[in-house]
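Student: I would like to go through this model with you, beginning with the cysteines. Could we take it one topic at a time?

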Amino acid sequence: MTLPSRVSRRSILAAAAASVAAPVAAAGSAQAAPPRPAAKTYDLTVLGTSDTHGNVYNWDYYSDREFDDKAHNDVGVAKLAALVNQIREQRCGKATLVLDAGDTIQGTPLATYYAKQEPITSTGEKHPMSRAMNVLRYDAVTLGNHEFNYGLPLLNLWIRQLGFPALAANAVHAGTDRPAFTPYVIKKVSLGHGAPVLRVGILGLTNPGVAIWDRGNVAGKLEFRDMVATAAHWVPIIRARGADLVLVSAHGGDSGTSSYGPELPNENPCALIAQQVPGIDAILFGHAHAEVPQRFVTNDATGAQVLLSEPSKWGQRLTRMDFTLTREQGRWVVTDKKAATLNTNAVAEDPDVLAAVRAQHAKTVAYVNQVVATSTQELSAAESRLRDTPILDFINKVQTDTVAAALAGTEHAGLPVLSIAAPFSRTAVFPQGEVKIKDVAGLYIYDNTLEAVVLTGAEVKAYLEYSAKYFVTLDPQAPVDPATMSDPAVPDYNYDILSGVDYDIDISRPVGERISGLRSGGADVAADARFVVAVNNYRRSGGGNFPGIVKPQVYNAQQEIRQLLIDWAQAKGRIDPADFFVANWRLTRGGVPVF
């Protein structure tokens, strides 16, 4: 059965409500029924992870030591496995399911190594996340948007290496309604001796933003449907095929907002799914990297309370959902449900997971500790959001040089080349002396590739104005606290700085009126001036919803920016700010520099 591409959401939701409506007792009975004996109760535990992002060991590859942060969180599948096994043992064999809500094979040098340096598609080796997750014994995983970063061949091989299903009901083959991946599974669960089997339906939903963020990998191959409408289509089918309990594992947050424009379905619709789609008992969700231990959303059609939980990121937390059930008139009824998140820093790493990935972990550690250059001084990204710093200019220098060289002899060779970079990390440092791959990788933590487009002067100004919304408005006389200068709703990776033009950002002005002194080559930038702008593929594809940047590329060699930085450093052998640092922007208030 397929989902018609133009069916109305209202008709879908109405049909879904009808299919799961509970029978209503007849009114006006002649006499009260005798009291029933207390029904026997049974219990089911569902454990959930999300956004593990290539973390297996509790290890920080960028600092080359055990992971730690201010809250003393731990990370990794080995930690999750230890906590899961502890709960399994405590439950003495009682029904326990383990699910994951996506973003698994991208995010650490370990994951990158087996996608780029020694890709599993070339070697045939089992991916470290396959090894780790198979040891943990998941029941199902949902595909996250980052699963598509390395292309469909690697994704499909990784799926084949798993010992459990990978779900994504709303990803369909382009031009069809045919699911590209397994939409759902129904697990038969024993609740104890003599109890009827409980059939648990698990529906997986991936993020529609894949169509933007990984357009180069999926365009013309896959389409990504609305998560709410897809749930409304499949939940009645799952119920009709015998599911007593329906869980959704969704790679999308619960805020109801999107980081991209309205051209795609909602990025974070999990609360809307709970509210609008009847027949769902609980939703495990991810993507937002938030910790939501327990949230209940009332379904509009049935009044039922839908349980939601999100277990943070990187393996720092494990969601635990507990369901109490009884049998009434030959069917299972959920009488209670609750959720909590558990901190993985309370357990030691599971030795079986560590053993399964030990050789790959060791190879990655050796790789990231290779020396690529010598730096004449320490370069830090700690203040890159607030001041023009050499370490971000290093990124822009490499991007500018790469694009300019590629466009030599073309129709765009005479245009000035600007470059865009964002302060991805506040902790990145190039030490004075030896700079290693881990230092460069710690500066550029994403697997973005380099592209370039042509923008007018007016578009450059609009782009900078949009980026400047990162800062809160600060009166010229107000005290300056760097910790509170940025809008918490705008992540650091959605604040861009440009090289190749000079400009001020007046944070005492309203959003949209902050850029002044925009100049190029010593002259004011005209609205119709033309520039080549080097930019990463995430931003050029629409990530962050920046204006004017989604347009045909004049350069796209599919070169990974992080590798370009490593290659540049290796070729030069020396990182000296005198070779690339140009102070070209500053924060001001009423024309007076903030710093």
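Student: Is Cys92 buried or exposed?

Tutor: Cys92 is exposed, with a relative accessibility of 68%. Exposed means over 50% relative accessible area, buried under 20%, and partly exposed in between, with a 1.4 Å probe and protein chains only. This is a predicted model, in which local features need pLDDT of at least 70, side-chain atom pairs count only at pLDDT 80 or more, and totals for chains, interfaces and linings use all residues. Residues are numbered from 1 along each chain as its sequence is written, and side-chain values use heavy atoms, with hydrogens and water left out.

Student: What about Cys270, buried or exposed?

Tutor: Cys270 is buried, at a relative accessible area of 0%.

Student: And how many disulfides does the structure hold?

Tutor: The structure holds zero disulfides, a disulfide being a pair of cysteine sulfur atoms within 2.5 Å.

Student: Let us change topic. Where does Ser309 lie?

Tutor: Ser309 is part of strand β14, residues 305-311. Strands (E, at least two residues) and helices (H or I, at least four) are DSSP runs, numbered from the N terminus. Ser309 counts as buried because its relative accessibility is 0%.

Student: Which backbone oxygen lies 3.0 Å from a polar atom of the Ser309 side chain?

Tutor: That of Val292. Val292 is also among the residues that Ser309 touches, as are Phe285, Pro293 and Met321, not counting residues up to four places away in sequence. Contact here means heavy atoms within 4.5 Å. In addition, the C-alpha atoms of Ser309 and Gln294 are 5.1 Å apart, with their positions 15 residues apart along the chain.

Student: Which side chain does Asp322 join in a polar contact?

Tutor: The side chain of Thr45, at 2.6 Å. A polar contact is a pair of N or O atoms within 3.5 Å; within protein, one must be able to donate a hydrogen and the other to accept it, and residues adjacent in sequence count only if both atoms are side-chain atoms. Asp322 is found in strand β15, residues 317-328, and counts as buried at 17% relative accessibility. Leaving aside neighbours within four places in sequence, Asp322 is in contact with Leu44, Thr45, Asp336, Lys337 and Lys338.

Student: Leu44 caught my eye. Which strand holds Leu198, and what does Leu198 touch?

Tutor: Leu198 lies in strand β9, residues 198-205. Residues touching Leu198 include Leu44, Asp244, Leu325 and Trp332, with those up to four places away in sequence not counted. Leu198 is buried, its relative accessible area being 0%.

Student: On to backbone angles. What is unusual about phi in general?

Tutor: Most residues other than glycine have a negative phi. His53, which is not a glycine, has a positive phi of about 50°. His53 sits in the loop between β1 (41-49) and β2 (59-60), and is buried at 6% relative accessible area. Gln329 also has a positive phi of about 50° and is not a glycine. Gln329 lies in the loop between β15 and β16 (331-343), and is exposed at 70% relative accessibility.

Student: Finally, how many cavities of 30 Å³ or more are there?

Tutor: A search of the whole structure finds three. On a 1 Å grid over the protein atoms alone, a cavity is a set of points where a 1.4 Å probe fits but cannot get out, and lining residues have an atom within 4 Å of a point. The largest cavity holds about 110 Å³ of space.

Student: Which element gives the most to the lining of the largest cavity?

Tutor: That is α3, with four residues.

Methods. 1 Å grid on protein atoms, 1.4 Å probe; cavity = no way out; pocket = protein on both sides within 12 Å on 5 of 7 lines; lining within 4 Å. Points joined across faces, edges and corners; volume = space filled by probe spheres on them.
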